[in-house]
Amino acid sequence: MRHIRHALLGIVALPAALASQASSTVTIRAAKLLDGRGGVLQNVTVVVQNGAIVRVERGGAGRATFDLGRYTLLPGLVDAHSHPSWYFNRAGRYHTGNDGDTPVQSMLAMAANAAATLLGGVTTIQSPGSPEDRDLRDFIALGGVAGPRILTSLQPISNPRLTPDSMRALVRQRKAEGADLIKIFASQSIRDGGAPTMSQEQLDALCGEAKAQGLRAIVHAHSAESMRAATLAGCSQIEHGVFATDSVLRLMVERGVYFDPQCGLVFRNYLENRAKYEGIGNYNEAGFAAMERAIPLAVAAFRRARATPGLKVVWGTDAVAGAHGRNVEDLICRVQEGGQPPLEAITSATSLGAEALGLSSQIGAIAPGLQADLIAVDGDPATDITALRRVTFVMKSGKVYRWDGTR
Ligand SMILES: [Zn+2]
């Protein structure tokens with residue numbers, strides 16, 4: 001109740017022009033609701049005002065603005081690791097800086113990725129990252145471009161030859177450029193073996209400075225050694241971790257570090273689109289062989305993570321060119337191959353993801369006071385996770401981007 005009163009007081013205090021907009025109430029009725037925190041409700045109406053959820057009613061009288069019938073309503077998904085700047089160019093090849101595409105063409109391709117992501121049920125992504133993310137983030141936030149809410153690291157920090165002092169300076173520079181977080185490469189790519197690339201001293205400098213600047217730092221690390229160094233450095237979240245060991249995962253629990261392993265979409269996507277990547281950089285024979293070998297390792301690493309008591313395992317797909325819009329495949333993999341119960345998988349992709357991004361007071365659950373980021377799917381993902389493939393409704397901050405109607 002306290003939240004509801006606060007919300008109403010907030011509306012009353014708004015200027016007249018905004019108040020008329022704010023007072024327009026939108027109601028969404030559904031047969032089933034997953035609240036993103038593990039709760040399941042039947043036959044509910046969610047009341048939205050001014051882009052935010054004001055209450056969740058049992059049943060609900062009168063006509064709903066959107067009657068979703070038998071569909072299941074859940075919070076918009078939070079993908080903690082997605083790359084909207086990666087795309088296939090019009091020649092059907094992975095876009096690189098020297099393929100002749102103009103910055104405008106690249107931005108249009110990014111906007112298409114963003115729209116596909118949103119319409120696929122993901123209402124927030126964290127991009128680690130590219131300089132172009134900033135404009136995409138800002139124009140989506142203005143409301144004219146369809147896409148998920150974006151947090152970005154801008155250009156990642158990856159050069160291991162920098163001194164700790166110049167690394168600290170680079171963290172401050174990213175913040176000045178508008179980064180929401182810092183992304184660090186602490187190990188090689190899986191295609192090159194995943195060995196550590198940064199020293200403890202360098203990671204201490206990077207994650208220490210990020211913390212001093214009030215930014216989270218997320219770290220690409222495959223080897224247990226690089227994961228351990230990032231954890232000891234006080235970094236916020238570790239990505240990938242294909243070679244994680246029980247001992248490093250336990251250390252992450254002790255230090256409260258989030259873990260973002262991928263289950264399979266990223267590798268399968270590369271292999272399915274091999275011809276579009278082949279011959280560019282380390283997308284070669286050896287690189288593809290390494291990714292093929294990584295598929296069972298990634299599932300095993302995910303299972304190991306789940307079996308580590310207290311480890312905060314968030315959902316990040318590492319969506320690259322070819323994967324935008326089918327992000328949920330990695331959640332389906334976690335359930336079908338990783339043995340995760342569906343509701344736990346959904347919680348990792350909603351409330352836990354929001355917490356990891358520092359956004360739990362704004363998104364990640366269907367609860368009064370939070371932004372109205374709501375999706376509906378045909379089926380019940382709590383019992384059949386593949387229902388996430390059948391998105392029928394997408395609302396972000398109270399604005400509807402997709403409604404296919406009841407079938
Ligand atoms: Zn990535």
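**Exercise 1. Salt bridges**

Identify how the side chains of Arg 402 and Asp 404 meet, and assign each residue to an accessibility class.

*Solution.* Step one: the side chains of Arg 402 and Asp 404 form a salt bridge with an N to O distance of 3.0 Å, where a salt bridge is a side-chain nitrogen of Lys or Arg within 4 Å of a carboxyl oxygen of Asp or Glu. Step two: Arg 402 has 26% relative accessibility and therefore counts as partly exposed, and Asp 404, at 37%, counts as partly exposed as well; the classes are buried for under 20% relative accessible area, exposed for over 50%, and partly exposed in between, computed with a 1.4 Å probe on protein chains only.

The coordinates come from a predicted model, in which local features need pLDDT of at least 70 and side-chain atom pairs count only at pLDDT 80 or more, whereas totals for chains, interfaces and linings use all residues. Residues are numbered from 1 along each chain as its sequence is written, and side-chain values use heavy atoms, with hydrogens and water left out.

**Exercise 2. A salt bridge between distant parts of the chain**

Find which residue forms a salt bridge with Arg 389, and locate both partners in the secondary structure.

*Solution.* Step one: the partner is Glu 329, and the closest N and O atoms are 2.7 Å apart. Step two: Arg 389 sits in the loop between strand S13 (374–377) and S14, while Glu 329 belongs to helix H12, so that the pair links parts of the chain 60 residues apart; helices (H or I, at least four residues) and strands (E, at least two) are DSSP runs, numbered from the N terminus. Step three: Arg 389, at 46% relative accessibility, counts as partly exposed, and Glu 329, at 23%, is also partly exposed. A search of the whole structure finds 19 salt bridges, including the one between Glu 57 and Arg 55 at 2.8 Å, N to O.

**Exercise 3. The zinc site**

Determine which residues coordinate the zinc ion, and describe how these donors are spaced along the chain.

*Solution.* Step one: His 81 (NE2), His 83 (NE2) and Asp 318 (OD) coordinate the zinc ion at 2.1 to 2.2 Å. Donors are N, O and S atoms within 2.8 Å of the metal (3.2 Å for Na, K and Ca), and because water is not among the atoms, sites may look incomplete. Step two: the donors follow the spacing H-x1-H-x234-D. Step three: His 81 lies in the loop between strand S6 (77–79) and helix H3 (103–119), and Asp 318 in the loop between helix H11 (285–306) and helix H12 (329–336), 237 residues apart. Both His 81 and Asp 318 are buried.

**Exercise 4. Aromatic rings**

Classify the geometry of the aromatic pair formed by Phe 393 and Trp 403.

*Solution.* Step one: the structure holds 11 aromatic pairs, counted when rings of Phe, Tyr and Trp (its six-membered ring) have centres within 6.5 Å, with planes under 30 degrees apart taken as stacked, over 60 as edge-to-face and the rest as tilted. Step two: Phe 393 and Trp 403 are 5.8 Å apart, centre to centre, with 80 degrees between the planes, and the pair is edge-to-face. Step three: Phe 393 is in strand S14 (residues 391–396) and Trp 403 in strand S15 (residues 399–403); Phe 393 is buried at 0% relative accessibility, whereas Trp 403 is partly exposed at 30%. Elsewhere, ring pairs link Trp 86, Phe 88, Tyr 94, Tyr 270, Tyr 277, Tyr 283 and Phe 288 into a cluster.

**Exercise 5. Nonpolar cores**

Establish which residues of the largest nonpolar core touch the most other members, and examine the surroundings of Ile 385.

*Solution.* Step one: the largest nonpolar core has 33 residues, of which Ile 184, Met 227 and Phe 259 touch the most other members; a nonpolar core is a set of buried Ala, Val, Leu, Ile, Met, Phe, Trp, Tyr and Cys residues joined through side-chain atoms within 4.5 Å. Step two: a second, separate core of 27 residues includes Ile 125, Ala 345, Ile 346 and Ala 387. Step three: Ile 385 lies in the loop between S13 and S14 and is buried, with a relative accessible area of 3%. Leaving aside neighbours within four places in sequence, Ile 385 is in contact (heavy atoms within 4.5 Å) with Leu 331, Ile 332, Val 335, Gln 336, Pro 342 and Ile 346.
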